[in-house]
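Trainee: I should like to work through this model with you, beginning with its charged side chains and ending with its overall form. May I put my questions one at a time?

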Amino acid sequence: MTEDSIAEIKDHFRERLNKYTRKAFQMLPKLEKPRILDIGCGSGVPTIELANLSDGEIIGIDINQSLLDKLDRKIEEEGFSSRVKTVKCSLFKINFPDESFDIIWAEGSIWTIGFEKGLREWRRLLKPNGFLVVHDEIKTVSNKLKKITSCGYKLVNHFLLPEDAWWTEYYGPFEIRVKELHMKYKNDSEALKTLKKYQNEIDMAKSDPEGHSSAFYIMQKS
Ligand SMILES: C[S@@+](CC[C@H](N)C(=O)[O-])C[C@H]1O[C@@H](n2cnc3c(N)ncnc32)[C@H](O)[C@@H]1O
């Protein structure tokens, strides 16, 4: 059992949350061949879903090259090489020219820079009337909604994921799998060490459900 095989399992369960990526995408008007920037794409579960949902060109950026390598493999397997690319870059220093994108998508990454700073700094990358879609933790939704206007956007829509979504779709099934692996590898101390790390992550999600609740914000540059 390797870290890679666990990452694959995590991606598999992460895909169960793609229904919310689809819901957010459907709140946008229909755009012809949009240019999309996926900020903090990781191994690209939402990136691949965006490629399925749109006929556009997508660039996924992330600081972690090994996650981008995984996404590169998926892009090839899914036949998206002509229109989906990855670029290793920090979300603090995005070097694309102004007004490069019709849509910026950021799931689980804006907390790194902060909601307000992310909104302000990424705005220049959007074409006039372009869209920014952020999936972020649920804490301080009302503050965030106020910041959207003051940062130069209008709110198109927002929605909260059901309170138990991360548990029922992701952490719960992941915990069952981790327990199965625990049995299978009960005599392999290295594997057990790896599994312990993931069980700790699951336990944290169990003990802090609010910290693992999340919301989508669909914004338009004004
Ligand atoms: C919670 S993961 C989300 C991955 C993917 N968007 C998803 O929803 O499945 C956050 C991602 O942000 C990336 N990240 C963290 N800090 C970053 C930075 N300074 N620049 C670029 N990416 C960063 C991490 O490497 C990770 O892939």
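Trainee: Is E169 buried or exposed?

Mentor: Please bear in mind throughout that the model is predicted. The relative accessible area of E169 is 13%, and the buried class takes in values under 20%. E169 is therefore buried.

Trainee: Which side chain meets that of E169 in a salt bridge, and where does the partner lie?

Mentor: The N to O distance of the pair is 3.4 Å, which satisfies the criterion of within 4 Å. E169 belongs to helix 7 (residues 165-184), while its partner sits in the loop between helix 1 (3-14) and helix 2, so that the pair links distant parts of the chain, 153 residues apart. At 37% relative accessibility the partner counts as partly exposed. The residue in question is R16.

Trainee: What is the relative accessible area of K144, and with which residue does K144 form a salt bridge?

Mentor: K144 is buried, with a relative accessible area of 6%. The other side chain of the pair is buried as well, its value being 7%. The two side chains meet at 2.8 Å, N to O. The partner of K144 is D136.

Trainee: Which residues are joined into one network by salt bridges that share partners?

Mentor: In general terms, side chains of opposite charge can pair when their charged atoms come close. The salt bridge between R16 and E169 has already been described. Salt bridges with shared partners form one network, and its members are R16, K19 and E169.

Trainee: How many residues apart are R120 and E116 in helix 5?

Mentor: R120 and E116 form a salt bridge whose closest N and O atoms are 3.0 Å apart. R120 is partly exposed at 42% relative accessibility, and E116 is partly exposed at 30%. Both lie in helix 5 (residues 115-123), where their spacing places them about one helical turn from each other. That spacing is 4 residues.

Trainee: How many salt bridges are counted in total?

Mentor: The pairs discussed above include R16 with E169 and D136 with K144. Under the rule of a side-chain nitrogen of Lys or Arg within 4 Å of a carboxyl oxygen of Asp or Glu, the count comes to 19.

Trainee: Turning to helix 2, is Y20 buried or exposed, and which residues does Y20 contact beyond its neighbours in sequence?

Mentor: Y20 is found in helix 2 (residues 18-25). At 11% relative accessibility, Y20 counts as buried. Leaving aside neighbours within four places in sequence, the residues in contact with Y20 are F159, L161, P162, A165 and F216.

Trainee: Why is strand 2 described as largely enclosed by the rest of the structure?

Mentor: Strand 2 runs over residues 57-62. It pairs in parallel with strand 1 (residues 35-39) over 5 bridges, and also in parallel with strand 3 (residues 84-88) over 5 bridges. Strand 2 is largely enclosed because the number of its 6 residues that are buried is 5.

Trainee: Which residues of these strands are bridge partners of L37 and D62?

Mentor: The partner of L37 lies in strand 2, and the partner of D62 lies in strand 3. For L37 the partner is I59, and for D62 it is K88.

Trainee: Which handedness do the crossovers around strand 2 have?

Mentor: Strand 1, helix 3 (residues 45-53) and strand 2 make a right-handed β-α-β unit. From strand 2 the chain then crosses through helix 4 (residues 65-77) to strand 3. This second β-α-β crossover is likewise right-handed.

Trainee: Finally, what is the radius of gyration of the chain, with its 8 helices and 7 strands?

Mentor: For 222 residues the globule rule gives 17 Å, and the value for the chain is close to this, so the chain is as compact as a globular protein of that length. Buried residues make up 50% of the chain. Along its principal axes the C-alpha trace spans about 60 × 40 × 30 Å. The radius of gyration is 18 Å.

Conventions:
Residues numbered from 1 in each chain as written. Predicted model: local features only at pLDDT ≥ 70, side-chain atom pairs only at ≥ 80, totals over all residues. Heavy atoms only, no water. Buried < 20%, exposed > 50% of the residue type's maximum accessible area, 1.4 Å probe, protein only. Helix = DSSP H or I, 4+ residues; strand = E, 2+ residues; numbered from the N terminus. Pairing = 2+ DSSP bridges. Right-handed = clockwise from strand over helix to strand, strands pointing away. Rg over C-alpha atoms; globule rule 2.2 N^0.38 Å. Contact = heavy atoms within 4.5 Å.
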